[in-house]
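Dear colleague,

Please find below the structure that I agreed to pass on to you. My notes on it follow directly after.

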Amino acid sequence: MLSRVADSIYWLNRYIERAENLARFVDVNLNLMLDLPINLAQQWQPLVTTTGDSNFFQEHYGEANAENVIQFLTFDPHYPNSILSVLRVARENARSIREIISSEMWEEVNNFYLMVKDADSVKHLDMLPDFFAQVKLASHRFAGVMDATMTHNEGWHFGQIGRLLERADKTARILDVKYFILLPSAQWVGTPLDQLQWMALLKSASAYEMYRKQEHRIHPAAVAAFLILNRHFPRSIYFSLSQAEKSLYDVTQTPIGTWSNPPERAIGRLCAQLGYLVIEDVIENGMHEFLDQMQGSINQVSNEIAATFFSADPIPV
C-alpha cells in the first residue's frame with residue numbers, strides 16, 4: 001500500500017475519533033456543572049491544561065470560563081485540535097483517498113463536518129448536550145460504515161490502528177481530568193459529590209452501564225481499573241492498545257510474540273506492561289504520573305508508526 005494512502009486512512013480515523021473524544025471531554029464537565037453545589041466554582045482550566053495547549057488558549061482567550069473553553073475545544077477554526085478543525089482535516093484526508101474508501105464513508109465524513117459547521121452558527125449552552133450526543137453518534141456511524149463497506153485489508157487496519165491509539169490516549173486524558181479538576185479539597189473524597197463525579201466520568205466514556213454490570217458500587221480504584229485495565233470493554237486503554245497491536249501485526253504479517261520493527265516493539269512493550277499490571281501498582285506510584293507516562297508511550301507508538309510506514313520523519317501528535 002502507498003504510504004500516502006496508509007497515512008491518510010490512519011489520520012482520517014484518528015481525527016474522527018478525536019472529535020468524538022473531545023465531545024466526551026467537554027460533556028463530562030457540563031454534566032458536572034449540573035451536580036456541583038452552587039457554592040463551588042466551576043473549574044474549566046484543567047480541560048485546557050490537559051490538552052497541552054495552554055499557551056495558545058491564554059493568548060487567544062485569557063480567562064478559562066465555560067464559554068471560552070467550549071469555544072476553544074469545539075468551534076475554534078484556528079485551534080488545530082478543536083472538533084471543527086479536526087473534522088475539516090479529516091474531510092481533506094478522505095477527499096484525497098476517495099478512490100480507496102467507499103462512497104458511504106465519504107458521505108459520512110462530509111455530513112459530519114457540515115453538521116458541526118452549521119452548529120457553530122447557532123450554538124447555545126442549552127443545546128450543547130444534544131450537539132455533543134450528535135458528535136458521538138456521527139463518529140459511531142462512520143466506524144460502522146467503514147467496517148461494513150470497506151475491504152478489511154491493510155488500509156482498513158491502518159484506520160483501526162489510528163482510531164484505537166487515539167481512543168487509548170483520550171481515555172487516559174479524560175481519566176486524568178478527574179485528578180486535575182475534581183475536588184476542591186481532600187475533605188470531599190468519598191462524599192456523594194465524589195460519587196457523582198466518578199459516575200459522570202464513567203458516563204463520559206459510555207462505560208457506566210458496563211461498569212455497573214461488573215461492580216455494584218462506584219469506587220475510585222475500581223473505576224480506574226475498569227477504564228485502564230479491563231480486557232473486554234472497548235474504550236479501556238488496554239483493550240484499545242491490544243486491538244491496535246493485532247491490526248499492526250495483520251499489516252506486517254510478523255509472527256505473534258516476536259517483533260521486526262520499532263512500532264511492533266513499542267506497542268508490544270506497552271501491552272505487556274498493561275497485561276501484567278494491577279491497579280494497586282498504579283495507585284501506589286501515582287495515578288497522574290502513570291497516566292502522563294501512558295500518554296507519552298502512546299505518542300511514541302504513533303511516532304514510530306509514522307516513521308516506519310508513512311515518512312522519514314515522525315508526525316507529531
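The notes below go from the whole chain to its core and then to one loop residue.

Please bear in mind that this is a predicted model. The chain contains 15 helices and zero strands. Of its 317 residues, 53% are buried. The chain exposes about 14,400 Å², and 52% of that area is supplied by carbon and sulfur atoms. When contacts between residues at least 6 apart in sequence are considered, 63% of them join residues at least 24 apart.

The largest nonpolar core comprises 102 residues. Helix α1, which spans residues 3-35, gives the most to this core, with 16 residues. The residues with the most contacts inside the core are V116, L165, I228, L241 and L274. L274 may serve as an example: beyond its neighbours within four places in sequence, L274 touches I228, L229, I237, Y238, L241, F290 and M294.

The loop between α11 (220-229) and α12 (237-252) holds N230. Is N230 buried or exposed? N230 counts as buried because its relative accessibility is 12%, and the cut-off for buried is under 20%. A polar atom of the N230 side chain lies 2.8 Å from the backbone nitrogen of H232. Setting aside neighbours within four places in sequence, N230 is also in contact with Q214, A225, S236, Y238 and F239. Y238 thus appears among the contacts of N230 and among those of L274.

Yours sincerely

Terms used
Residues numbered from 1 in each chain as written. Predicted model: local features only at pLDDT ≥ 70, side-chain atom pairs only at ≥ 80, totals over all residues. Heavy atoms only, no water. Core = buried A, V, L, I, M, F, W, Y, C linked by side-chain atoms within 4.5 Å. Buried < 20%, exposed > 50% of the residue type's maximum accessible area, 1.4 Å probe, protein only. Helix = DSSP H or I, 4+ residues; strand = E, 2+ residues; numbered from the N terminus. Contact = heavy atoms within 4.5 Å. Areas by Shrake-Rupley, 256 points an atom, 1.4 Å probe, with all protein chains shown as cover. Polar contact = N/O pair within 3.5 Å; in protein donor to acceptor, adjacent residues only side chain to side chain.
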